[in-house]
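Biologist: Could you walk me through this fold while we both have it open? I would like to go element by element and ask as we go.

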Amino acid sequence: ATQPCIELLSNLDGGSRLDQYLKAGTKLYHFAYYVSNLDKAMKMFKKMRAKIISPPQASVYFQKRICFIMLPNMFLIELIEE
């Protein structure tokens, strides 16, 4: 069975993307899932009233397409294309 992975994040030099989470003391702000078909997974989440907040883009870290989705309960999901 595949075990969960933990990704430790920090702002890039001069970046501020994570500031709101760091200032609030948030330790966990999203889950990430590998999906075999990113477009199909996005459609599934849209049907569940989720919103795509970052459209598919190439990830420098993963070398794959990723996107971020906000669930109706305001939890963030990252989808990583396999």
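Modeller: What follows is a walk through a predicted model, taking the sheet, then the helix, then the charged side chains.

Biologist: Fine, the sheet to begin with. What is the strand order?

Modeller: The four strands form an open sheet in the order E1-E4-E3-E2, and the pairing is mixed. E1 and E2 are the edge strands, each pairing on one side only. Direction ignored, neighbouring strands of this sheet are turned by 20° against each other on average.

Biologist: Which pairs are parallel and which antiparallel?

Modeller: E1 and E4 pair in the parallel sense over six bridges, while E3 and E4 are antiparallel with five bridges, and E2 and E3 are likewise antiparallel, over five bridges.

Biologist: Can you give me some residue pairs for checking the register?

Modeller: Between E1 and E4, Tyr34 stands opposite Ile80 and Ala32 stands opposite Glu78. Across to E3, Cys67 is opposite Leu79 of E4, and Met70 is opposite Leu76 of E4. For E2 and E3, the bridge partner of Gln57 is Ile66 in E3.

Biologist: And the hairpins, what do the turns look like?

Modeller: The hairpin of E2 and E3 has six residues between the strands, and Gln63 in that turn has a positive phi of about 60°. In the hairpin of E3 and E4 there are five residues between the strands, and there Met74 takes a positive phi near 75°.

Biologist: How many residues of E4 are buried?

Modeller: Six of the six residues of E4 are buried, so to speak of it as mostly covered is fair. The cover is on both faces, with Leu76, Glu78 and Ile80 buried on one side and Ile77, Leu79 and Glu81 buried on the other. That split follows a general pattern, since side chains in a regular strand alternate between the two faces of the sheet. For E3, five of the six residues are buried, so that strand is largely enclosed by the rest of the structure.

Biologist: Glu78 is a charged type on that list. Which side chain does it have a polar contact with?

Modeller: The side chains of Glu78 and His30 are joined by a polar contact of 2.9 Å. His30 lies in strand E1, and it counts as buried because its relative accessibility is 12%, against a cut-off of under 20%. Leaving aside neighbours within four places in sequence, His30 is in contact with Leu9, Phe68, Phe75, Leu76 and Glu78.

Biologist: Changing topic to H2. Which of its residues are buried?

Modeller: In helix H2, residues 38-47, the buried ones are Leu38, Ala41, Met42 and Phe45. Seen down the axis of H2, they fall within an arc of 100°, so they line one face of the helix. The general reason such spacing works is that an α-helix has 3.6 residues a turn, so residues three or four places apart point the same way. On the other side of H2, Lys40, Lys43 and Lys47 are exposed.

Biologist: What does the buried face pack against?

Modeller: The buried residues of H2 pack against E1 (30-35), E2 (51-58), E3 (65-70) and E4 (76-81). The helix lies across these four strands, E1, E2, E3 and E4, and runs at about 5° to E3.

Biologist: What happens at the two ends of H2?

Modeller: At the start of H2, a side-chain oxygen of Asn37 reaches to within 3.2 Å of the backbone nitrogen of Asp39. After H2 comes Arg49, with a positive phi near 70°.

Biologist: Last topic, charges. How many salt bridges are there?

Modeller: The structure holds two salt bridges. One of them is between the side chains of Asp39 and Arg65, at 3.4 Å from N to O. Asp39 lies in helix H2 and Arg65 in strand E3, so this pair ties together parts that are 26 residues apart in sequence.

Biologist: And which residue does Glu81 pair with?

Modeller: Glu81 forms a salt bridge with Arg65, with the closest N and O atoms 2.9 Å apart. Glu81 lies in strand E4 and Arg65 in strand E3, so the pair ties together parts that are 16 residues apart in sequence. Asp39, Arg65 and Glu81 are thus linked in a network of salt bridges.

Biologist: Are those three residues buried or exposed?

Modeller: Glu81 is buried, with a relative accessible area of 19%. Asp39 counts as partly exposed at 37% relative accessibility, and Arg65 counts as partly exposed at 28%.

Methods
Residues are numbered from 1 along each chain as its sequence is written. This is a predicted model: local features need pLDDT of at least 70, side-chain atom pairs count only at pLDDT 80 or more; totals for chains, interfaces and linings use all residues. Side-chain values use heavy atoms; hydrogens and water are left out. Buried means under 20% relative accessible area, exposed over 50%, partly exposed in between (1.4 Å probe, protein chains only). The arc is that of the directions from the helix axis to the C-beta atoms. Contact means heavy atoms within 4.5 Å. A polar contact is a pair of N or O atoms within 3.5 Å; within protein, one must be able to donate a hydrogen and the other to accept it, and residues adjacent in sequence count only if both atoms are side-chain atoms. Two strands pair if DSSP finds at least two bridges between them. Axes are lines fitted to C-alpha atoms, for helices over the stretch in contact, and angles run from 0 to 180 degrees between N-to-C directions. A salt bridge is a side-chain nitrogen of Lys or Arg within 4 Å of a carboxyl oxygen of Asp or Glu.
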